[in-house]
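Visitor: I should like a close look at one part of this protein, namely its disulfide chemistry. How many disulfides are counted here? Please set the answer in the context of the strands concerned.

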Amino acid sequence: MDKKKGFTLVELLAVIVILALIALIATPIILNVINDAKKEAAKDSAYGYIEAIENAIIMNDFEEDDNFLSPDASGCYELKELDQKLNIKGTKPKIDDNAKVCLKDGTVTNLTGVEIDGFTFTYDGKELTQTKNGTTEDVKKYNLNDTLMVEIGSTKKSILYGVHLKISP
């Protein structure tokens, strides 16, 4: 008798079932990695945006541009207007019509109404809060700390440096 070389139907089906199980297990893991990367990228963009705001205000303090916006009595700026003065690489975030940013001594103390890649950010001077679609089930909070006091002329400025972002549970 001649023996034919090859795989039987049962062997082929077993291989297909094993590959399907591997794909079933790997797909959610890969999707979670992608989603986590998007969250981290949006968080980093939000931090970059806060830094751009601080840089624009500090540069205005040095250059004393007459056309630059003035803060209200509480030290807050309308973010839609201030956004026009910011130098940002990449895509600018969506700014809500009522968005505000408050600063004290050159450091952002409050930020509201910023959306980056579908994530909404608020900042209270200590924690950057990231939400998706306004739900509380996907809230991440990050602590921004480490400030450096720099004396410029007769005024002291607080500048963020060596920032460490920590995820609070």
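Guide: In what follows, a helix is a DSSP run of H or I with at least four residues and a strand is a run of E with at least two, each numbered from the N terminus. The model is predicted. On these terms the protein has 2 helices and 10 strands, and from the N terminus on its elements run α-β-α-β-β-β-β-β-β-β-β-β. Of its 169 residues, 28% count as buried. Among contacts with a separation of 6 or more, 39% are accounted for by residues 24 or more positions apart.

To your question: the count comes to 1 disulfide. In general, a disulfide is a covalent bond between the sulfur atoms of two cysteines. The partners here are cysteine 76 and cysteine 102, whose sulfur atoms are 1.8 Å apart. The cut-off for a disulfide is a sulfur pair within 2.5 Å, so this pair qualifies. The link of cysteine 76 and cysteine 102 is right-handed, with 90 degrees about the S-S bond. Cysteine 76 belongs to strand S1 (residues 76–78) and cysteine 102 to strand S3 (residues 100–104), so the pair ties together parts that are 26 residues apart in sequence.

The strands that carry these cysteines are also paired with each other: S1 and S3 are joined in the antiparallel sense over 3 bridges. Within that pairing, cysteine 76 stands opposite cysteine 102 in S3. The two linked residues therefore face one another across the paired strands. As for exposure to the surroundings, cysteine 76 and cysteine 102 are both buried.

From S3 the picture extends to strand S4 (residues 107–116), which runs antiparallel to S3 and is joined to it by 4 bridges. One of the facing pairs is leucine 103 opposite valine 108 in S4. S3 and S4 form a hairpin with 2 residues between them. Aspartate 105, in the turn, has a positive phi of about 55 degrees. S3 thus pairs with S1 and also with S4.

Two further side-chain results may be set beside the disulfide. The structure holds 0 aromatic pairs. The charged end of lysine 132, however, sits over the ring of phenylalanine 119, 4.7 Å from the ring's centre. As to the surface, the protein exposes about 11,700 Å², of which carbon and sulfur atoms supply 56%.

Note on methods
Residues are numbered from 1 along each chain as its sequence is written. This is a predicted model: local features need pLDDT of at least 70, side-chain atom pairs count only at pLDDT 80 or more; totals for chains, interfaces and linings use all residues. Side-chain values use heavy atoms; hydrogens and water are left out. Buried means under 20% relative accessible area, exposed over 50%, partly exposed in between (1.4 Å probe, protein chains only). Contact means heavy atoms within 4.5 Å. Accessible areas come from the Shrake-Rupley method with a 1.4 Å probe; for residues, only the protein chains shown count as cover. Rings of Phe, Tyr and Trp (its six-membered ring) pair if their centres lie within 6.5 Å; planes under 30 degrees apart count as stacked, over 60 as edge-to-face and the rest as tilted. A charge sits over a ring if NZ of Lys or CZ of Arg is within 6 Å of the ring centre and within 35 degrees of the ring normal.
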